[in-house]
Amino acid sequence: MASVIRRLDEAVVNRIAAGEVIQRPANAIKEMIENCLDAKSTSIQVIVKEGGLKFIQVQDNGCGIRKEDLDIVCERFTTSKLQKFEDLASISTYGFRGEALASISHVAHVTVTTKTADAKCAFRATYSDGKIKAPPKPCAGNQGTQIMVEDLFYNVNTRRKALKNPNEEYAKILEVVSRYAIHNSGISFSVKKQGDTVSDVRTLSNASTVDNIRAIFGNAVSRELIEVGCEDANLAFKMKGYITNANYSVKKCIFLLFINHRLVESAAMRKAIETVYAAYLPKSMHPFLYLSLEIAPQNVDVNVHPTKHEVHFLHEDSILELVQQHVESKLLGSNSSRMYFTQTLLPGIDCSSSEVVKSAANSSVVTKGTSEKVYANQMVRTDSREQKLDAFLQPVNNPLSAGPTELITEVNARPPESSHRPQDAEMEEVSDLVEVADVQEDTVKPGGPSESGHLSPETLPSRKRPREDMDVELEKNYTRKDMTAACTPRRRIINLTSVLTLQEEISNQTHAKLQEMLHEHSFVGCVSPQWALAQYQTKLYLLNTTKLSKELFYQILIYDFANFGVLRLSEPAPLYELSMLALEDPESGWTEEDGPKEGLAEYIVEFLKKKTEMLKDYYSLEIDEEGNLTGLPLLIDNYVPPLEGLPMFILRLATEVNWDEEKECFESLSKELAMFYSIRKQYIIEESNPTNSQNEDSESGSTTWKWTVEHVLYKAFRTHLLPPKHFAEDGNILQLANLPDLYKVFERC
């Protein structure tokens with residue numbers, strides 16, 4: 001017997017249609033965001049709870065909805081964007097069927113609060129199954145529309161059970177909003193969970209497309225972007241966007257495609273572009289793509305899918321081919337260089353590609369007790385007498401020198417002695433810097449332009465000018481046997497609980513493998529004042545000299561507490577003038593609300609004068625009764641801190657140190673001193689790129705800081721530095737290459 005055909009109840013029809021349009025919370029938010037954009041909003045805020053299943057709120061500042069339209073706003077096929085079918089041929093808005101709010105109201109409880117520009121107050125109405133429950137009520141509200149959706153799919157149990165993971169739904173919501181935020185760079189978007197104070201996605205209305213990509217996907221994507229754009233009048237289309245170059249790749253393709261400002265998917269276009277990238281990226285790796293196509297509205301059919309995430313357009317094959325050719329031309333133009341990023345690998349870690357390697361001294365010899373052969377890919381030359389990196393970068397007209405040629409100069413900045421002195425003579429002069437074991441007693445004037453110039457600190461107008469008239473002398477009356485890392489006389493025993501606790505913290509945080517690597521390393525060369533290359537066994541490492549030197553000086557200050565020599569300034573440096581110099585620097589953060597600079601400088605002088613006794617006794621930081629700085633602590637031999645940082649150090653000494661608690665005081669004061677003593681590129685870079693009239697001095701000056709890094713700092717790293725565990729994770733020590741792995745690469749070539 002034939003089945004009876006019946007007309008479905010209207011409520012059933014509406015619920016089925018709603019299930020097609022609103023498949024999950026992200027679809028509901030997408031529909032509401034498109035309505036906000038159609039309303040010319042400049043700010044869209046989204047708040048969700050339990051992945052949007054419990055609560056969704058979307059608020060905009062658009063034109064709002066008229067009170068007269070609130071009665072039918074949630075009924076099916078009610079829209080302000082379309083009147084007759086022919087209008088579809090030139091549709092330029094996101095919505096046109098009038099099904100979004102109707103579909104949501106059939107599977108959730110909807111509340112709409114809206115206010116137009118000319119209305120005296122806002123109106124609120126609630127809806128269920130497409131019908132308004134009660135007449136709109138006046139209420140307070142801002143211009144625009146706020147839509148609250150509660151208990152999504154409360155009457156569709158099967159759909160509700162299928163969407164049981166709120167975190168997964170929230171991730172899809174973030175993905176949808178992020179894509180619209182990138183495309184609509186003139187509009188601010190924010191998404192957060194209910195109750196959270198910080199948004200998970202947030203863009204600003206004045207941010208560019210690249211800024212939004214950086215805010216959402218990070219610097220790794222934004223720094224590798226290539227801008228693309230092409231158009232064709234015959235095909236009536238225009239394309240613009242951003243794609244990543246060959247330096248960036250991920251395991252899953254990120255493809256943002258907008259056609260006539262509508263977020264859509266196109267498998268054909270994705271495949272066409274990824275075919276181009278296959279020649280540039282490693283196997284199974286994919287790019288980031290953001291493309292926006294504008295096609296003549298009459299050539300696009302938007303009414304082919306309930307959620308409008310697919311569209312059809314004329315001349316599809318021709319447009320795809322043109323886009324593919326343009327992307328390929330852009331990639332070819334950007335392929336002149338490649339960048340490779342490495343993951344931090346700990347020295348000594350067992351890897352399939354790097355077995356235990358014999359030490360350099362025994363790498364070419366097989367011991368009698370074993371028959372194991374050392375292969376070529378495990379042999380590496382680490383003779384310290386071999387050429388360093390600088391040998392390949394030195395100018396032709398500037399012969400190499402083993403040490404600084406301008407380290408010792410007269411007080412009045414006389415020209416340096418001959419730059420062609422023998423190596424032994426240079427090393428003798430370097431050793432004269434500090435009096436050791438009562439052998440000699442000299443006054444030393446360090447003078448490399450990037451390490452310690454010739455202008456006394458009290459007359460220093462800015463950190464970029466050289467220093468003059470500065471002497472350094474060391475307290476004597478001690479022997480080599482009693483010297484510490486800080487070259488101190490008459491060792492004092494410190495039993496302060498706070499200092500012992502800080503020493504224990506340093507010891508507990510030591511990374512044994514990194515310590516072994518620093519102890520056994522061979523210095524390769526300076527990349528910049530901040531970075532240097534070092535070799536350990538068959539591995540090449542990139543080390544952050546700034547962070548390592550700061551940690552070294554901090555540890556010396558803690559372990560050699562109250563046992564320092566003195567670097568005495570030839571002329572006292574007034575703390576008042578140093579403070580004024582620091583306050584003039586934008587880095588100080590001074591504003592008019594802080595009061596006059598003169599008053600602050602006087603306060604700093606008086607404050608530090610009260611701490612004179614403690615600073616001198618514990619840190620050899622000497623300040624006289626007139627408020628002048630006369631001495632600094634000597635932390636390691638042959639090293640003078642960059643005095644360009646002295647004004648900022650004095651300011652931070654008074655403002656950033658916790659003077660109330662003993663342990664915190666010693667810790668913060670030691671960290672400030674360590675930062676002042678560390679090698680920092682802002683005090684060296686500008687001086688190693690002088691004007692043409694200073695070219696002769698710059699070459700010797702550049703040699704000076706490089707010599708100091710290699711022969712003073714990295715020598716101290718070998719013996720005194722206890723590298724903390726976080727150095728293995730925060731990028732301060734990076735493995736760049738491993739000899740066995742390089743052999744494998746060349747074997748494949």
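# Close-up views of a predicted model

**View 1. A salt bridge within helix α18 joins Glu667 and Lys671.** In this predicted model, Glu667 and Lys671 form a salt bridge in which the closest N and O atoms are 3.5 Å apart. Both residues belong to helix α18, where they are four residues apart and therefore separated by about one helical turn. Lys671 has a relative accessible area of 39% and so counts as partly exposed. In general, side chains of opposite charge can pair when their charged atoms come close. The structure holds 15 salt bridges, and the next two views show others that come from this set.

**View 2. Arg24 and Glu169 meet in a salt bridge between distant parts of the chain.** The side chains of these two residues come to 2.8 Å of one another, taken from N to O. Arg24 sits in the loop between α1 (10-21) and α2 (25-38), whereas Glu169 is part of helix α5 (residues 166-183), so that the partners are 145 residues apart. Arg24 is partly exposed, its relative accessible area being 23%, while Glu169, at 2% relative accessibility, counts as buried.

**View 3. Lys54 and Asp151 form a salt bridge between two loops.** The closest N and O atoms of this pair are 3.6 Å apart. Lys54 lies in the loop between β1 (43-49) and β2 (55-60), and Asp151 in the loop between β7 (144-150) and α4 (157-162), so the salt bridge ties together parts that are 97 residues apart in sequence. Lys54 is partly exposed at 36% relative accessibility, and Asp151 is likewise partly exposed, at 24%.

**View 4. Thr116 is a buried loop residue.** Thr116 is found in the loop between β3 (109-115) and β4 (122-128), and its relative accessible area of 13% places it among the buried residues. The side chain of Thr116 makes a polar contact, at 2.8 Å, with the side chain of Asp118. Leaving aside residues up to four places away in sequence, Thr116 touches Cys63, Gly64, Ile65, Arg66 and Gln143.

**View 5. The buried residues of helix α11 line one face.** Helix α11 (residues 497-508) has 12 residues, which at 1.5 Å a residue should span 16 Å, and its end C-alpha atoms are indeed 16 Å apart. Its buried residues are Ser498, Val499, Leu502, Gln503 and Ile506. Seen down the axis of α11, these residues fall within an arc of 140 degrees, so they line one face of the helix. Among the elements that cover them are α13 (545-559) and α18 (662-677).

**View 6. Strand β18 pairs with β17 and with β19.** Five of the six residues of strand β18 (residues 531-536) are buried, so the strand is mostly covered. Strand β17 (residues 522-526) runs antiparallel to β18 and is joined to it by four bridges, with Ser522 having Gln535 as its bridge partner; the two strands form a hairpin with four residues between them. With strand β19 (residues 539-544), β18 pairs in the antiparallel sense over six bridges, and Trp531 stands opposite Asn544. The hairpin of β18 and β19 has two residues between the strands, and here Gln537 takes a positive phi near 55 degrees.

Key
Residues are numbered from 1 along each chain as its sequence is written. This is a predicted model: local features need pLDDT of at least 70, side-chain atom pairs count only at pLDDT 80 or more; totals for chains, interfaces and linings use all residues. Side-chain values use heavy atoms; hydrogens and water are left out. Buried means under 20% relative accessible area, exposed over 50%, partly exposed in between (1.4 Å probe, protein chains only). A polar contact is a pair of N or O atoms within 3.5 Å; within protein, one must be able to donate a hydrogen and the other to accept it, and residues adjacent in sequence count only if both atoms are side-chain atoms. Contact means heavy atoms within 4.5 Å. The expected span of a helix is 1.5 Å times one less than its number of residues. The arc is that of the directions from the helix axis to the C-beta atoms. A salt bridge is a side-chain nitrogen of Lys or Arg within 4 Å of a carboxyl oxygen of Asp or Glu. Two strands pair if DSSP finds at least two bridges between them.
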